[in-house]
Amino acid sequence: MNGSDTLKKQKKIKLTLPEEEIMSPGHLACQGCGAALAMRYALKALGRKTITSIPACCWAVIDGPFPYSAAGVPIYHCAFETAASTSSGVSHALQQLGKTDITALAWAGDGGTFDIGLQSLSGAAERGDHLIYIVYDNEAYMNTGIQRSSATPHGAWTTTTPVKHYKKGPKKNIMEIMVAHQIPYCATANIAFPEDLIKKLRKAKEIQGTKFIHLYAPCPTGWKHSPDITVKIARLATQSNVFPIYEVENGIYSINKKIAKPQPVSEYLKLQGRFRHLDKTEVDFIQKEVDRNWTRLLKMEQAFGKDSE
Ligand SMILES: Cc1ncc(C[n+]2csc(CCOP(=O)(O)OP(=O)(O)O)c2C)c(N)n1
Ligand code: SF4
Ligand SMILES: [Mg+2]
């Protein structure tokens with residue numbers, strides 16, 4: 001095939017994602033970083049007219065040292081606990097300036113959201129500040145060396161929950177906390193399903209008030225998996241119902257992906273070194289918890305879904 005044939009063939013390929021790359025290569029993330037993919041997709045959805053507020057987290061480093069920036073949009077590097085309050089300030093300033101076409105985006109890790117930034121996030125949500133808040137969840141404090149957070153799942157190894165004392169107890173249900181704030185839009189998303197993520201962010205951009213996205217983003221360094229299977233692991237998380245994909249719009253629950261034959265949770269766990277120490281009893285326990293949470297979510301959809309009205 002000559003060059004012009006290849007070009008013709010390429011033109012026939014129908015892209016399912018926006019073509020424009022706002023984030024540039026040459027960033028400082030580890031190989032296979034789910035958080036880097038997360039930002040790349042998010043910016044494809046939100047566009048260049050986005051002002052991000054990023055607290056201390058891996059993304060404060062991934063972007064690169066001043067004056068360089070891989071993000072391609074302005075970033076406020078703010079204090080750890082202030083992603084939401086900084087973004088509230090950006091949002092109010094934009095309103096004062098009459099700039100209605102710019103999105104205020106708070107972008108923080110799970111530590112900066114489930115734990116230390118929860119108060120400022122709650123405040124912004126209660127005030128109904130006009131912003132999108134995205135937590136990229138890699139289930140630990142990665143930037144400072146893989147310490148457990150309240151998003152770390154049961155059974156996981158981290159440096160503060162070593163093998164003999166691995167994390168016991170469930171991951172905090174951040175979605176339920178945000179739904180309880182009665183904000184107009186809350187959704188989960190996964191880097192393995194970028195079309196779904198992009199659709200949700202485009203929807204969130206059009207809604208007035210506080211919007212919250214819980215975005216699943218594996219971390220090969222902290223989860224101890226090979227960097228080339230990041231997307232496979234992310235996909236398995238949803239295919240095994242470990243991380244369901246759903247949205248809650250004005251209190252109405254919709255599960256966006258229902259897996260006909262869910263994969264056993266063991267398929268998801270066995271690819272990650274952070275779970276290597278778990279015995280069969282623990283794996284069975286995790287499976288039961290995943291099944292219980294999934295059944296609970298189905299019941300929420302039955303009780304508070306579109307058909308319940
Ligand atoms: C008030 C405060 N406490 C602690 C730190 C140290 N610190 C910087 S980044 C970080 C971890 C962030 O974890 P997370 O929010 O999950 O993002 P990740 O690094 O996993 O991307 C910590 C503990 C800090 N910068 N400020
Ligand atoms: S430690 Fe994890 S989240 Fe941080 S840059 Fe590396 S792969 Fe990404
Ligand atoms: Mg984290």
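# Exercises on a predicted model

**Exercise 1. Which residues of helix H10 are buried, and what do they pack against?**

Solution.
- Step 1. In helix H10 (residues 230-239), the buried residues are Thr230, Ile233, Ala234, Leu236, Ala237 and Thr238. Buried means under 20% relative accessible area. The structure is a predicted model.
- Step 2. Now look for partners. These buried residues pack against three helices and two strands: H2 (34-46), H9 (220-223) and H11 (265-269), plus S5 (185-190) and S6 (210-216).
- Step 3. Check what follows the helix. Just after H10, Asn241 has a positive phi of about 70°.

**Exercise 2. Which residues have the most contacts inside the largest nonpolar core?**

Solution.
- Step 1. The largest nonpolar core has 64 residues. Those with the most contacts inside it are Trp59, Trp107, Ile134, Leu201, Ile213, Leu215 and Tyr268.
- Step 2. Ask which element gives the largest share. That is H2, with ten residues.
- Step 3. Zoom in on Leu201. Leaving aside neighbours within four places in sequence, Leu201 is in contact with Ala42, Ala45, Leu46, Ile132, Ile134 and Ile213.
- Step 4. A second, separate core has 31 residues, including Ala124, Tyr133, Ala151 and Met300.
- Step 5. Recall the general trend. In soluble globular proteins, nonpolar side chains tend to be buried together.

**Exercise 3. Why is strand S1 largely enclosed by the rest of the structure?**

Solution.
- Step 1. Count the buried residues. Five of the five residues of S1 (residues 50-54) are buried, so the strand is largely enclosed.
- Step 2. Sort the side chains. Thr50, Thr52 and Ile54 point one way, Ile51 and Ser53 the other way, and all are buried.
- Step 3. Find the strand partners. S1 runs parallel to S3, joined by four bridges. Thr50 stands opposite Thr103 in S3.
- Step 4. S1 also pairs in the parallel sense with S2 (residues 75-77), over three bridges. Here Ile54 stands opposite His77.

**Exercise 4. Which protein donors hold positions around the magnesium ion (ligand 3)?**

Solution.
- Step 1. List the donors: Asp110 (OD), Asn138 (OD1) and Ala140 (O), lying 2.0 to 2.1 Å from the ion.
- Step 2. Read their spacing along the chain: D-x27-N-x1-A.
- Step 3. Place two of them. Asp110 is in the loop between S3 (103-109) and H5 (111-115), and Ala140 in the loop between S4 (131-137) and H7 (174-179), so the pair ties together parts that are 30 residues apart in sequence.
- Step 4. Check exposure. Asp110 and Ala140 are both buried.

Methods. Residues numbered from 1 in each chain as written. Chains lettered and ligands numbered in written order. Predicted model: local features only at pLDDT ≥ 70, side-chain atom pairs only at ≥ 80, totals over all residues. Heavy atoms only, no water. Donors = N, O, S within 2.8 Å, 3.2 Å for Na, K, Ca; no water. Buried < 20%, exposed > 50% of the residue type's maximum accessible area, 1.4 Å probe, protein only. Contact = heavy atoms within 4.5 Å. Core = buried A, V, L, I, M, F, W, Y, C linked by side-chain atoms within 4.5 Å. Pairing = 2+ DSSP bridges.
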